[in-house]
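Colleague: I am new to this structure and would like to learn how to read it. Could we go through a few features in turn?

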Amino acid sequence: MDHFEEVLSQATKKGSNGVPGAAVAIVDRTGTIIYKHVAGFSGVADDAPALEPDQVFWIASCTKLITSVAALQCVERGLITLDEPLNSHLPELASQPIIAASGEKDFFELRDATNPITLRHLLTHSSGAVYDFMNPTLTMWRNSRGETPQLPITGRIDAITFPRIAEAGEVWNYSTSLDWVGVLIERLTKTDLEDYVTRNIAGPLGIKTWTWHLSRKPEVAKKLMRMSNRSPDGTLTSIKTPLFEEPEAESGGAGIYSTLDDYMRFLSDTLKESPVTLKKETMDMMFTPQFEEGSKLQKSMWELSCAPLVGQSIEGVSPNHGLGGFLLPHDVVREESKYFKPKGTLGWHGMANLQWNANREKGLAYLFATQVIPWGDEKNQNLIKEFDTAVWNTYAK
């Protein structure tokens, strides 16, 4: 890992304008953190303290894996199945029409949906939903109502209740689907999402820091890494921390705060032969490709979302989706850059340029954590690529 550590050291030097700081860790299926490294500072202010091993991060969409596990627990307990229609459980979503541009500027058309939405659709982002700020037709629809597209971080159902852009099961779109999964879990268990996660995932795994609400855990709030923004001219500036106001309710798609070690406790469980949070067969299923090779669903997975998980390029990659994130169904080997990632690796990323990966067969999982926006920041993504390469070439190739 020497080369990676040198690259990270240079990138996190004061005044380098690389990244303020980053923390990384690798865990095995026994729960042992076999590698951990922290470099840089908690933000870009001149007086920013050194980043600490127990620093807290807003993990953004890395929350989605936690929500996925919670939903699969509901399946195991007989509260829902993966493939039954969710019309009675999520009528606000099931009743949404399908929207499409009409072919005329600033016009759109709405039609009734016909395919029922299932939990499997939601867990694989194939429900027909999409983030409205990522879709020009939904932006048009919002504008027609005097509204603006928004990140669904309030936890309010009205923030995620808007038309879908496709029938369920037709295409892949990065979406509010996991936000709806969070709503489903609450309705099935009659429990707030944070309470459910605390009792059924965090508690059994010995996780102490997880929360959507910093006001509930002031000791966690004190350790939060400062958020930074990359300006158009490439410079980093310190911005409001936390980035968003405390949510009214919990969102299944984003919002948890965690330390590196606590997320490692969670990731390690996804590797175990006898997991704590799920049955072995359910965990195996989470790491199983859900889209048929060559299908429209598989081919529609966005390059924008997938490329950061395979060294910033999907050249030669046939992406797929498990029940917990992007799934690599084959090895990726690039001789020139020495980039390697093994088949069976499940992963996803978070808005502040975090990324997790887990591979049950190899028995390894890892997280790259920082707090820089916008998502996709090139300097951060280059570091993630370096870390990816170092992990697999050092520990499991």
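Modeller: We will take the domains, then a sheet, then some backbone details; note that this is a predicted model.

Colleague: Which domains does the domain assignment give?

Modeller: Domain 1 consists of 1-53 + 226-246 + 260-271 + 280-396, while domain 2 is 73-189. Between the C-alpha centres of domain 1 and domain 2 there are 27 Å.

Colleague: How many residues of each domain are in contact with the other?

Modeller: On the side of domain 1 there are 16 residues, and they are in contact with 17 residues of domain 2. The area buried between domain 1 and domain 2 is about 1,500 Å². Carbon and sulfur atoms give 71% of that area. Of the area that domain 1 buries against domain 2, L297, W302 and L323 supply 35%, more than any other three residues.

Colleague: What does the rule find across the interface of domain 1 and domain 2 in the way of salt bridges?

Modeller: The count of salt bridges there is zero. For polar contact, five residue pairs are found across the interface of domain 1 and domain 2, with both residues at pLDDT 80 or more. On the side of domain 1 that touches domain 2, α10 (280-286) and α11 (296-299) are the elements that give two or more residues. By class, that side of domain 1 has nine nonpolar residues, six polar and one charged.

Colleague: Now the sheet. How do strands of a sheet pair?

Modeller: The strands of a sheet are paired through backbone hydrogen bonds, and they run either parallel or antiparallel. Here three strands form an open sheet, ordered β7-β6-β16, with mixed pairing. At the edges are β7 (236-238) and β16 (372-373), each of which pairs on one side only. Strand β6 (residues 228-230) runs parallel to β16, and two bridges join them.

Colleague: Which residue in β16 is the bridge partner of N229?

Modeller: The bridge partner of N229 is I373. I373 also takes part in a backbone feature: a cis peptide bond joins I373 to P374, with omega about 5 degrees. P374 is found in the loop between β16 and α13 (378-395).

Colleague: Is the peptide bond from T241 to P242 cis or trans?

Modeller: The bond from T241 to P242 is cis, and its omega is near -5 degrees. P242 is found in the loop between β7 and β8 (257-259).

Colleague: What about the phi of N17?

Modeller: N17 is not a glycine, yet its phi is positive, about 60 degrees. N17 has its place in the loop between α1 (2-11) and β1 (21-28).

How values were computed
Residues are numbered from 1 along each chain as its sequence is written. This is a predicted model: local features need pLDDT of at least 70, side-chain atom pairs count only at pLDDT 80 or more; totals for chains, interfaces and linings use all residues. Side-chain values use heavy atoms; hydrogens and water are left out. Two strands pair if DSSP finds at least two bridges between them. Helices (H or I, at least four residues) and strands (E, at least two) are DSSP runs, numbered from the N terminus. Domain bounds come from an automatic or database domain assignment. Contact means heavy atoms within 4.5 Å. Buried area is the accessible area (1.4 Å probe) that two parts lose on being put together, summed over both. A salt bridge is a side-chain nitrogen of Lys or Arg within 4 Å of a carboxyl oxygen of Asp or Glu. A polar contact is a pair of N or O atoms within 3.5 Å; within protein, one must be able to donate a hydrogen and the other to accept it, and residues adjacent in sequence count only if both atoms are side-chain atoms. Ala, Val, Leu, Ile, Met, Phe, Trp, Tyr, Cys and Pro count as nonpolar, Asp, Glu, Lys and Arg as charged, and the others, Gly among them, as polar.
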